[in-house]
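Hi everyone, thanks for coming. Let me put the structure up, and then I'll walk you through a few spots in it.

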Amino acid sequence: MKPNSVMLTVFTPAYNRAHTLHRCYESLKRQTCDDFLWLIIDDGSSDNTKELVEGWMREELPFEIRYEYKENGGMHTAHNRAYQLMDTLLNVCIDSDDYMSDNAVELIVNFWKEHGSDKYSGIIALDTDFDGNVIGKRLERDRKATTLSGYYARGGAGDKKLIYRTDVMNQYPQYPVFPGEKYVSLGYKYLLADQEYELLIMDEPVCLVEYQADGSSNNMFKQYLNNPKGFAFMRKVDMRYDQGIKRKFKTCVHYVSSSQISGNSNFLKESPRKFMTFLAIPAGRMLTRYIRKKVAQGINA
């Protein structure tokens with residue numbers, strides 16, 4: 001595929017978010033740099049998302065809008081489709097209830113032009129809330145680059161905005177799809193990229209975020225019950241790269257629990273860390289009971 005002449009794809013997975021999607025649209029109209037296009041992946045919405053976007057596409061804008069509808073499959077499947085369609089050097093996901101700071105595209109494009117190379121997978125930047133408060137901790141100004149996992153291992157905290165090279169994301173397998181499930185951690189591709197590349201550090205806010213009550217991050221116990229194969233898959237990946245005994249054992253506990261919930265009797269044979277997984281069986285079963293109890297009580301993570 002011939003690379004697009006613009007540098008950045010802003011892609012937005014959307015599922016019944018017509019009531020919030022306008023925030024992202026308005027923020028893109030305010031951008032101080034138009035070296036981007038907007039790709040919307042409609043993940044099977046039943047509201048008026050399509051009509052809303054088609055109306056925007058008829059307007060005279062300094063940037064291109066692309067719209068793609070697919071059957072509902074969850075955030076990770078929307079990312080799969082976006083990576084199939086993107087043809088720009090860089091990409092950034094802006095969720096359908098979030099929006100970009102007015103100079104975000106300018107910051108990203110200029111920063112990459114000055115510092116970017118094939119050595120790096122992309123850029124790590126800041127998210128803030130709608131009042132401008134940084135989510136979690138700021139990035140390390142005394143470092144030029146970091147892996148995502150390395151940042152958190154050194155005490156980093158809070159969601160960060162990740163701008164990746166499209167070719168890097170496409171060199172790794174797609175997020176797997178498990179029938180009847182709609183969640184696989186987006187961290188799968190990010191963790192694979194961490195093994196070969198670092199992200200350039202840009203300690204600047206580029207995205208303003210709001211966590212919806214029905215968003216995946218606010219319903220994690222239900223996610224555990226509804227998507228156990230997806231969680232077990234990611235736990236097996238984590239086992240290969242986790243650092244430290246405590247972290248490895250915790251991953252095994254979660255793997256046992258997800259395997260129990262999914263009814264996978266072959267979990268021990270499939271584990272990359274069989275002995276530690278065996279030791280984690282009692283704790284994993286306790287975790288399953290705890291998760292089911294919390295969901296029954298209607299308590300979200």
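**A histidine, a strand and two cores**

Okay, so the side chain of His254 makes a polar contact with the side chain of Arg235, at 3.3 Å. A polar contact here is a pair of N or O atoms within 3.5 Å, where within protein one must be able to donate a hydrogen and the other to accept it, and residues adjacent in sequence count only if both atoms are side-chain atoms. Quick caveat: this is a predicted model, where local features need pLDDT of at least 70 and side-chain atom pairs count only at pLDDT 80 or more, while totals for chains, interfaces and linings use all residues. Residues are numbered from 1 along each chain as its sequence is written, and side-chain values use heavy atoms, with hydrogens and water left out.

So where does His254 sit? You'll find it in helix α10, residues 245-262; helices (H or I, at least four residues) and strands (E, at least two) are DSSP runs, numbered from the N terminus. His254 counts as buried because its relative accessibility is 15%; buried means under 20% relative accessible area, exposed over 50%, partly exposed in between, with a 1.4 Å probe and protein chains only.

Now, strand β8, residues 160-165: 6 of its 6 residues are buried, so the rest of the structure largely encloses it. Lys160, Leu162 and Tyr164 point one way, and Lys161, Ile163 and Arg165 the other. Strand β6 (residues 120-128) pairs with β8 in the antiparallel sense, over 5 bridges; pairing takes at least two DSSP bridges between two strands. There, Ile123 stands opposite Ile163.
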